[in-house]
Amino acid sequence: MKPIHDNLKAVRIEDDETGDLLPLLDYAGQKFSNLVKAVVDTNKGGTITLKVTVRPSTAGALAVKPEVRVTLPKGAPAEALLWPTPDGNLVAEDPRQNKLELRPIQNAPRELKTTTA
């Protein structure tokens with residue numbers, strides 16, 4: 001009896017992006033990697049489901065139909081922190097806060113002094 005991965009080596013699945021027929025294990029492996037990256041990025045869980053349907057076909061052959069479903073974790077919805085103005089608009093800077101006048105400073109070389117203790 002062969003391990004399942006040996007039996008699935010010949011099974012092909014259509015790539016949902018390119019339409020190419022790819023080895024099932026390569027395709028599922030790439031989808032699994034994408035899932036792992038998404039879980040790490042969002043710190044939330046996801047799933048991958050591999051379904052292989054086997055049914056009798058003609059002349060003693062078997063029809064094998066694979067399906068890979070991935071449920072990626074839902075990330076936090078994008079949001080912006082905005083402040084309301086008295087006239088009902090939103091702005092990116094708090095209108096109640098004073099603005100700082102920032103300007104570059106000159107880094108003029110200085111002579112270092114040596115002291116003895």
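## The nonpolar core

In this predicted model, the largest nonpolar core has seven residues. They are Leu 8, Val 11, Ile 13, Leu 24, Tyr 27, Ala 28 and Val 68. Helix α2, residues 24-42, gives the largest share of this core, with three residues.

Take two members of the core and look at what surrounds them. Tyr 27 touches Ile 13, Glu 14, Asp 15, Asp 16, Leu 22 and Val 68, leaving out residues up to four places away in sequence. Ile 13 sits in strand β1, residues 12-14. Its relative accessibility is 9%, so Ile 13 counts as buried, the cut-off being under 20%. With residues up to four places away again left out, Ile 13 touches Asp 20, Leu 21, Leu 22, Leu 24, Tyr 27, Pro 66, Glu 67 and Val 68.

## A lysine that is buried

Is Lys 31 buried or exposed? Lys 31 lies in helix α2. It has 15% relative accessibility, and therefore counts as buried. Which residues does Lys 31 contact, apart from its neighbours within four places in sequence? They are Asp 16, Glu 17, Ile 48, Val 68 and Val 70.

Some of these names turn up elsewhere. Val 68 belongs to the nonpolar core. Asp 16 and Val 68 are also among the residues that Tyr 27 touches. Ile 48 and Val 70 are bridge partners, with Val 70 in β4.

## The β3-β4 hairpin

Strand β3 covers residues 47-56, and strand β4 covers residues 62-71. How do the two run? They are antiparallel, and ten bridges join them. One pairing sets Ile 48 against Val 70 in β4. In another, Arg 55 stands opposite Ala 63 in β4.

The two strands form a hairpin, with five residues between them. Ala 59 is in the turn. Its phi is positive, at about 55 degrees.

Sequence and space can be set side by side here. Ile 13 and Ile 48 are 35 residues apart in sequence. From C-alpha to C-alpha, Ile 13 and Ile 48 are 15 Å apart in space.

## A nonpolar patch on the surface

Nonpolar side chains are also found at the surface. Leu 50, Val 52, Val 54, Leu 62 and Val 64 make a nonpolar surface patch of about 410 Å². Where do these residues come from? β3 and β4 each supply at least two of them. The largest share, three residues, comes from β3.

Val 52 is one of the patch residues. Val 52 is found in strand β3. Its relative accessible area is 32%, so Val 52 is partly exposed. In a regular strand, side chains alternate between the two faces of the sheet.

## Salt bridges

Side chains of opposite charge can pair when their charged atoms come close. How many salt bridges does the model have? The count comes to five.

Three of them show how varied the settings can be. Glu 67 and Arg 69 meet in a salt bridge at 2.5 Å, N to O. Glu 67 has a relative accessible area of 26%, so it is partly exposed. Arg 69 is at 55%, so it counts as exposed. Glu 67 is also one of the residues that Ile 13 touches.

Glu 93 and Lys 99 form another salt bridge, at 2.9 Å, N to O. Both of these residues are exposed. Arg 96 and Asp 94 meet at 3.0 Å, N to O. Arg 96 is exposed, because its relative accessible area is 69%. Asp 94 is buried, because its relative accessible area is 15%.

## The start of the chain

Where is Pro 3 found? Pro 3 is in the segment before α1, the helix of residues 4-8. At 39% relative accessibility, Pro 3 counts as partly exposed.

Pro 3 can be compared in position with Pro 66. The two are 63 residues apart in sequence. In space, Pro 3 and Pro 66 are 17 Å apart, C-alpha to C-alpha. Pro 66 is among the residues that Ile 13 touches.

Methods: Residues numbered from 1 in each chain as written. Predicted model: local features only at pLDDT ≥ 70, side-chain atom pairs only at ≥ 80, totals over all residues. Heavy atoms only, no water. Core = buried A, V, L, I, M, F, W, Y, C linked by side-chain atoms within 4.5 Å. Buried < 20%, exposed > 50% of the residue type's maximum accessible area, 1.4 Å probe, protein only. Helix = DSSP H or I, 4+ residues; strand = E, 2+ residues; numbered from the N terminus. Contact = heavy atoms within 4.5 Å. Patch = residues over 30% accessible without salt bridge, like charges linked within 9 Å, V, L, I, M, F, W, Y side chains within 5 Å. Areas by Shrake-Rupley, 256 points an atom, 1.4 Å probe, with all protein chains shown as cover. Salt bridge = Lys/Arg side-chain N within 4 Å of Asp/Glu carboxyl O. Pairing = 2+ DSSP bridges.
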